[in-house]
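Trainee: Could you take a close look at one part of this protein with me? I would like to understand its inner space, and then what surrounds it.

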Amino acid sequence: MPDPRGVRGRRYQLSALITAAAASVLAGARSLTAITEWISDAPAWACRALGFPLDPLTGTVSVPHPHTLRRLLVQLDGDALDQAIGAFLAARTTPTGPGLRAIAVDGKALRGSRTTATPYVTLLAAMDHAGHVLAQRQVADKSNEIPTFQPLLDSIDLTGTVITTDALHTQHAHGTYLRTRGAHYIAQVKANHPGLFDRVRRLPWREITLDHHDRTRAHHRLEIRRLKTVAFAHLDYPDARQALQVVRWRKDFTSGKLTVERVYLITSLPPGTATGDRPPARGLDQRTLAHRKSPAPRPRPHFPRGRLQDPRRLPPTHHGRPAQPRHRRPPSGRSHQHRRRPPLHRPRLPQTPDRPRPHRMNPNGPRSRKGPCIQTG
């Protein structure tokens, strides 16, 4: 890629600086300060492997100043850097075998890219199903992903490939562009194209034979996927040959919720190629036809059901059972623990001549031994 620096004063090679920045990002750096700190703290053998020069007098490896790396990263062309990295990865990608090659195009928002002017930065990337990002391009701030579609794929050889996109890129111009470049497409159809969506959705899908059925049980849920394909004599889309319906049944064992989702797609592949049990190529796996298998479930430890006992709760009562809430009635055959206890029984002392019986106080007034009290006026 071109070097944006001046001819005079170049002390470090461009490849060494870019490689060091990429290595720091792979090591976990997320800012310019973290990148420069990682390069300053890197060992000597790592700096020599990155391509930094060796001082002939002292024998130490010279490391660039943080401001030098900052000025370079600001002046670099991001699209040219993405194109160079994509070409590097595409040249080292092993072919999956004879047949078609699947490439997915999708846009993602970068985490931590918020500025005072924009909420986030969006990148449109093209990735094969092996996980290699072949190309990516930044989307304009005041636009969407549609104008960036064709410039993104201009740097990739699309001969003998199948491009999978979402409903946003189901555009007539995109379909014509892909067919001109010698590539097939599998595009999702939604309500953004109401005429095309109604025509595909109103097909007699109940009378069409089922082509593929998949049943997967993993991640505490059961998923059933059904695929049907039908050929078209004419469809209002460039070189559309088939329509597909994918029905996903998903039941969550934890909540018991059942969801049913129907997805409609169109493709330029000829009939007999885009089926679930026989994909058109080894590189075009089930994910191209919206069949993503879940990994095998892992054994999970057994936990007792119900509410766990609070360690801060008071110990049980003397009868060995925990206290019951006040709003609940006690079970049958068991005395209520909050019921008031009866008073203790005090036995009466026997009456003897030397121990007279104690008299009780008269509630009407004091009692006299000589007789009743007479009130005189």
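How much space lies in the largest cavity?

Mentor: Happy to go through it with you. Please keep in mind that this is a predicted model. The largest cavity holds about 50 Å³ of space, and the count comes to 3 cavities of 30 Å³ or more. Let us walk around its wall. The lining of the largest cavity is made up of Phe149, Ile163, Thr165, His169, His174, Gly175, Leu178, Tyr185, Ala187 and Tyr237. Three elements give two or more residues each to this lining: strand S4 (161-165), helix H7 (172-180) and strand S5 (184-189). Helix H7 provides the largest share, with 3 residues. Sorted by class, the lining has 6 nonpolar and 4 polar residues, and no charged ones.

For charged side chains we have to turn to the salt bridges. Side chains of opposite charge can pair when their charged atoms come close. The model has 12 salt bridges, and one of them involves loops that adjoin the elements we just met. Arg181 and Asp154 meet through their side chains at 3.8 Å, N to O. Arg181 sits in the loop between H7 and S5, while Asp154 sits in the loop between helix H6 (149-153) and S4, so this pair ties together parts that are 27 residues apart in sequence. Arg181 is partly exposed, at 25% relative accessible area.

Another salt bridge links two strands. Asp128 pairs with Arg101, and their closest N and O atoms are 3.4 Å apart. Because Asp128 belongs to strand S2 (residues 122-128) and Arg101 to strand S1 (residues 101-109), this bridge ties together parts that are 27 residues apart in sequence. Here Asp128 is buried, with a relative accessible area of 5%, whereas Arg101 is partly exposed at 28%.

A salt bridge can also sit within one helix, as in H8 (residues 194-201), where Asp198 and Arg201 are 3 residues apart, about one turn of the helix. The closest N and O atoms of Asp198 and Arg201 are 3.2 Å apart. Both partners are partly exposed: Asp198 has a relative accessible area of 29%, and Arg201 has 34%. Elsewhere, salt bridges with shared partners connect Asp214, Arg221, Glu223, Arg225 and Arg250 into one network.

Finally, let us look at the surface. Trp249, Leu258 and Val260 make up a nonpolar patch there, with about 260 Å² of accessible area together. Trp249 is found in strand S8 (residues 242-252) and is partly exposed, with a relative accessible area of 33%.

Terms used. Residues numbered from 1 in each chain as written. Predicted model: local features only at pLDDT ≥ 70, side-chain atom pairs only at ≥ 80, totals over all residues. Heavy atoms only, no water. Patch = residues over 30% accessible without salt bridge, like charges linked within 9 Å, V, L, I, M, F, W, Y side chains within 5 Å. Areas by Shrake-Rupley, 256 points an atom, 1.4 Å probe, with all protein chains shown as cover. Salt bridge = Lys/Arg side-chain N within 4 Å of Asp/Glu carboxyl O. Helix = DSSP H or I, 4+ residues; strand = E, 2+ residues; numbered from the N terminus. Buried < 20%, exposed > 50% of the residue type's maximum accessible area, 1.4 Å probe, protein only. 1 Å grid on protein atoms, 1.4 Å probe; cavity = no way out; pocket = protein on both sides within 12 Å on 5 of 7 lines; lining within 4 Å. Points joined across faces, edges and corners; volume = space filled by probe spheres on them. Nonpolar A, V, L, I, M, F, W, Y, C, P; charged D, E, K, R; others polar.
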